[in-house]
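Me: I would like a close look at a single part of this model. Please keep it plain, and give the cut-offs for the terms you use.

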Protein chains: 2
Amino acid sequence: MAKEMERALITGGAGCIGSVLAERLAARGDSVRILDNLSSGRREHLAALEGAPGFEFIEGDLLDLEALTQAMHQIDIVYHLAANPDIRYTPGDPTDKDLRQNTIATHGLLEAMRAAGVRRLVFSSSSAVYGVSDRSSISETDPVRPVSLYGATKLASEALIGAFQNLFGMRCWIFRFANIVGGRVRTKGRTVIGDFIHKLRENPVELEILGDGQQAKSYLHVDECVGGMLHAVEHARSGLNILNLGCSDNLTVRRIADLVAMAMGLAGVQYRFTGGPVGWPGDVPRFRLDVTAMAAIGWRTVRNSEQAVVEAIGASLGAAECKR
Amino acid sequence: MAKEMERALITGGAGCIGSVLAERLAARGDSVRILDNLSSGRREHLAALEGAPGFEFIEGDLLDLEALTQAMHQIDIVYHLAANPDIRYTPGDPTDKDLRQNTIATHGLLEAMRAAGVRRLVFSSSSAVYGVSDRSSISETDPVRPVSLYGATKLASEALIGAFQNLFGMRCWIFRFANIVGGRVRTKGRTVIGDFIHKLRENPVELEILGDGQQAKSYLHVDECVGGMLHAVEHARSGLNILNLGCSDNLTVRRIADLVAMAMGLAGVQYRFTGGPVGWPGDVPRFRLDVTAMAAIGWRTVRNSEQAVVEAIGASLGAAECKR
């Protein structure tokens with residue numbers, strides 16, 4: 001059965017994940033409208049889409065009700081990826097940045113959807129909602145105890161989505177992302193990969209590693225992240241679907257340092273650990289995701305965490321080459 | 001060991017729960033400051049405290065940063081009870097009322113605490129954070145899937161509190177309340193008891209009951225609610241303590257109708273059910289709370305749900321008499 005063309009709105013569509021999603025949707029014939037304030041997204045990420053039939057770009061902020069209302073016109077489904085991409089809280093930062101850009105922005109989006117009668121929403125949440133868990137592998141029904149402002153405001157967004165879903169008869173897919181890597185290189189909210197490449201370019205002999213290097217997290221390649229979302233929108237049929245999206249294994253920060261050094265052709269790099277179990281305040285040092293709910297609807301990752309990271313390192317090094 | 005006197009701030013301290021808490025704290029020698037915008041609280045509730053040593057009342061809103069900063073001066077512990085008391089969403093209402101009065105207000109409070117170096121927080125959350133569960137009895141580690149804006153914004157507040165607790169080294173007690181009844185009669189956010197009394201005064205022959213009357217919820221008398229909070233602040237020693245606070249049994253709406261009619265001396269009242277399993281959109285029709293975590297620190301309820309409700313009915317009827 002051929003899928004009917006849909007009119008999709010992607011918030012944060014100029015970002016690293018959103019731009020890949022936009023290309024995938026356009027390639028299958030959907031019309032794509034993007035709302036992005038370009039605070040971290042980049043217009044260049046959308047180069048392949050400019051001039052494509054049905055493609056529209058609106059430069060605007062989710063907190064701007066007028067831009068939101070305009071963006072929602074005649075939309076079938078919203079992919080809500082816009083967020084503050086910087087997971088870490090830096091002392092001295094205002095503490096309401098995530099609240100505004102994640103939670104309040106999500107409420108505004110939901111309200112605009114309700115007003116316009118748009119009933120389907122796909123949301124990029126985060127495994128940061130779980131916080132620090134003693135379970136070997138975290139499933140969607142395990143306790144949510146976020147320890148960062150980022151995780152807390154993602155959970156708050158999830159909760160608002162659930163209430164709107166129930167009160168106003170929406171259908172929603174909430175994905176709790178692993179660390180998404182690969183594809184376009186982030187310019188803000190730098191990943192551990194970008195951090196190591198940057199540091200080793202500055203000093204190829206010694207590498208500072210935050211924490212004790214034993215932090216171990218689940219990774220997922222951006223292409224598989226986008227594929228997983230689209231698969232679940234098709235196959236997860238509840239009113240409210242909450243799904244972990246990541247590899248079921250994990251990878252230590254120390255191993256990532258090894259992989260980056262190897263890819264850069266560096267041998268004998270001395271590691272200097274800042275110490276302690278967490279990389280920064282609010283960091284969740286170790287987790288693995290239980291992805292059996294995604295498996296139950298027929299989705300599997302192709303790459304494991306290490307393969308995803310290796311590919312991302314290659315892309316990052318290549319992209320940096322291109323910039324010279 | 002005698003407890004040292006503390007300087008307490010109670011937000012929403014002129015409300016039905018807050019005013020009872022204020023009296024209890026003052027009676028044990030704590031100095032009590034109240035911040036309340038009197039949107040649902042009433043100054044008369046504090047009559048017994050006026051002129052007591054250390055008692056202060058600030059009429060102000062949590063969303064007013066200046067009032068908050070003033071209220072936080074030299075405080076040891078904050079009891080944060082202020083909230084939109086009306087759990088139901090009425091179609092046509094703005095959808096951001098709970099977001100503002102629960103979540104954004106809580107963030108402002110946390111930020112004011114951080115700025116002033118106040119490190120202990122007691123928060124009145126709600127069993128509404130659980131949403132509709134298939135468990136016979138809900139424990140604190142069970143999934144949270146709120147189905148109302150009230151429940152969603154309470155969960156959002158919990159999440160922010162957890163993040164601040166972790167990032168800024170606070171100690172916090174989050175209580176997921178059952179339905180709190182008894183004591184002073186609510187003028188806003190009317191309970192099922194007040195609703196039935198009101199309707200039976202208008203028409204003592206027939207009573208409209210929302211839903212099918214089989215909704216069954218956990219109740220707790222306000223005196224035991226306040227006692228439970230104070231007990232846990234003393235005995236629950238984690239950085240972040242999340243505790244169900246209620247009776248472990250539940251009571252049907254139909255049984256409450258019987259109890260109200262009996263207390264009013266009415267026989268043969270005809271019940272007319274509006275039908276359907278839920279009383280209103282966002283209602284959680286059936287739940288029982290697992291309170292073994294409170295039991296583990298030595299707390300037990302004296303009244304069960306029915307006894308709490310019977311006492312509350314008596315107080316409501318008495319209070320109404322007084323008003324004539």
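Which residue follows α4(A), and is its phi positive or negative?

Reply: Gly169(A) follows α4(A), and its phi is positive, near 60°. The model is predicted, so local features need pLDDT of at least 70 and side-chain atom pairs pLDDT 80 or more, while totals for chains, interfaces and linings use all residues. Residues are numbered from 1 along each chain as written, chains are lettered from A and ligands numbered from 1 in written order, and side-chain values use heavy atoms, without hydrogens or water.

Helix α4 of chain A (a DSSP run of H or I, at least four residues; strands are E, at least two; numbered from the N terminus) covers residues 149-168, 20 residues in all. From first C-alpha to last it reaches 28 Å, close to the expected 28 Å (1.5 Å times one less than the number of residues). Because 18 of its 20 residues are buried (under 20% relative accessible area, 1.4 Å probe, protein chains only), α4(A) is largely enclosed by the rest of the structure.

α4(A) also gives 4 residues to the lining of the second largest cavity, the largest share (a cavity is a set of points on a 1 Å grid where a 1.4 Å probe fits but cannot get out; lining residues have an atom within 4 Å of a point). That lining includes Leu155(A), Glu158(A), Ala159(A) and Gly162(A), and from chain B Val144(B), Arg145(B), Pro146(B) and Leu155(B). In chain A, the elements giving two or more residues to it are α4, β6 (171-177) and β11 (240-245).

In the largest cavity, the largest share of the lining, 4 residues, comes from α4(B). Among its 17 lining residues, Val144(A), Arg145(A), Glu158(B), Arg176(B) and Ile242(B) lie nearest the centre.

Note on methods: Buried < 20%, exposed > 50% of the residue type's maximum accessible area, 1.4 Å probe, protein only. 1 Å grid on protein atoms, 1.4 Å probe; cavity = no way out; pocket = protein on both sides within 12 Å on 5 of 7 lines; lining within 4 Å.
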